[in-house]
Amino acid sequence: VDTARGLLLLATERRDALADISGTGDGVGSLVCVLGGSGGVGASTLASGLAFVAARASHRTMLIDADARSGGLDLLLGAERTAGWRWPRLATARGHLGDLTNQLPSVEGVDLLSMARAESTPGWELQAEQLKSVLLSAMRSHEITVVDLPRTLGAAREPLRRAKLAVLVVRDDVRGVAAGREVV
């Protein structure tokens with residue numbers, strides 16, 4: 001079974017699929033988490049695709065790159081030269097941040113918070129407190145927030161706890177499933 005294809009078919013065949021995960025209308029948007037069972041399985045691509053589908057369905061959408069070793073979702077989306085804040089600008093974020101929309105790069109209606117390559121302090125790791133502050137801000141200002149999570153749990157616990165939907169992408173072989181089980 002091609003898990004990624006199944007999810008894409010769901011998004012195209014059921015026009016109301018996003019209504020199932022969109023915000024409740026009470027000022028708190030929904031959180032969707034995507035993580036890979038191993039590297040190179042397409043989790044970042046799926047997270048980006050879900051964010052674009054949500055934006056095209058007129059949902060205010062944010063895509064957050066929470067994997068410090070991902071190379072940056074801005075590269076994946078061709079937005080590496082687009083002006084706006086990356087994670088190093090929010091490395092000390094705490095508490096209420098407000099709406100980050102006008103500070104972040106926007107790609108086809110998706111507000112993007114990406115890792116940065118040259119700007120990061122060597123050894124910097126995304127901490128749970130910074131991610132929580134950004135998530136709460138995003139969920140107040142956006143109907144759908146999609147987070148591309150790292151495979152290590154550290155800072156990923158908070159988004160997974162708050163997620164309305166969490167998707168684990170694995171390779172369709174024995175090692176891929178075994179790696180996915182380890183992540184779970």
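What follows is a short conversation about how to read a predicted model of one protein chain.

Visitor: Where should I begin, and how many helices and strands does the chain have?

Guide: Welcome! This is a predicted model, and its chain has 7 helices and 6 strands. Along the sequence they come in the order α-α-β-α-β-α-β-β-α-β-α-β-α. The chain has 184 residues, and 44% of them count as buried.

Visitor: What share of the contacts between residues at least 6 apart in sequence join residues at least 24 apart?

Guide: That share is 78%. Val146 gives you an example to look at: its C-alpha atom lies 8.7 Å from that of Asp65, although 81 residues separate the two along the chain.

Visitor: Is Val146 buried or exposed?

Guide: A residue counts as buried when its relative accessible area is under 20%. Val146 has 1%, so it is buried. You will find Val146 in strand 5. Leaving aside residues up to four places away in sequence, Val146 touches Val32, Val34, Ala47, Leu50, Ala51, Met62, Leu63 and Ile64.

Visitor: How do I read a helix, say helix 5, and what does it pack against?

Guide: Begin with its length. Helix 5 has 14 residues and spans 20 Å from first C-alpha to last, close to the 20 Å expected at 1.5 Å a residue. Then see which residues are buried: Gln130, Leu131, Ser133, Val134, Leu135, Ser137, Ala138, Met139 and Ser141. These buried residues pack against strand 1 (30–36), strand 2 (61–65), strand 4, strand 5 (144–149) and helix 6 (157–162).

Visitor: What about the loop between strand 4 and helix 5, where Ser114 has its place?

Guide: Ser114 counts as buried because its relative accessibility is 0%. The side chain of Ser114 reaches the backbone nitrogen of Asp74 at 3.1 Å. Beyond residues up to four places away in sequence, Ser114 touches Asp65, Gly72, Leu73, Asp74, Arg86 and Trp87. Trp124 is also in the loop between strand 4 and helix 5. Not counting residues up to four places away, Trp124 touches Trp87, Ala91 and Met115. Trp124 and Ala91 are 33 residues apart in sequence, with 8.4 Å between their C-alpha atoms.

Visitor: Which residues have a positive phi although they are not glycine?

Guide: First, the general idea: most residues other than glycine have a negative phi. In this model, Ser58 has a positive phi of about 65°, and Glu108 has one of about 50°. Ser58 is in the loop between helix 3 (43–56) and strand 2, while Glu108 is in the loop between strand 3 (106–107) and strand 4.

Visitor: Why do Ser58 and Glu108 count as exposed?

Guide: Exposed means over 50% relative accessible area. Ser58 has 63%, so it counts as exposed. Glu108 has 57%, so it is exposed too.

Visitor: How do I look for empty space, and what lines the second largest pocket?

Guide: The idea is that rolling a probe the size of a water molecule over the atoms shows where empty space is left. Here, the second largest pocket holds about 240 Å³ of space. Its lining is made up of Ala66, Asp67, Ala68, Arg69, Glu125, Leu126, Gln127, Pro150, Arg151, Thr152, Gly154 and Ala155.

Visitor: How many of those lining residues are nonpolar, polar and charged?

Guide: The lining of the second largest pocket has 5 nonpolar, 3 polar and 4 charged residues.

Terms used. Residues are numbered from 1 along each chain as its sequence is written. This is a predicted model: local features need pLDDT of at least 70, side-chain atom pairs count only at pLDDT 80 or more; totals for chains, interfaces and linings use all residues. Side-chain values use heavy atoms; hydrogens and water are left out. On a 1 Å grid over the protein atoms alone, a cavity is a set of points where a 1.4 Å probe fits but cannot get out, and a pocket is an open set with protein on both sides within 12 Å along at least five of seven lines; lining residues have an atom within 4 Å of a point. Grid points are joined across faces, edges and corners, and a volume is the space filled by probe spheres set on the points. Ala, Val, Leu, Ile, Met, Phe, Trp, Tyr, Cys and Pro count as nonpolar, Asp, Glu, Lys and Arg as charged, and the others, Gly among them, as polar. Buried means under 20% relative accessible area, exposed over 50%, partly exposed in between (1.4 Å probe, protein chains only). A polar contact is a pair of N or O atoms within 3.5 Å; within protein, one must be able to donate a hydrogen and the other to accept it, and residues adjacent in sequence count only if both atoms are side-chain atoms. Contact means heavy atoms within 4.5 Å. Helices (H or I, at least four residues) and strands (E, at least two) are DSSP runs, numbered from the N terminus. The expected span of a helix is 1.5 Å times one less than its number of residues.
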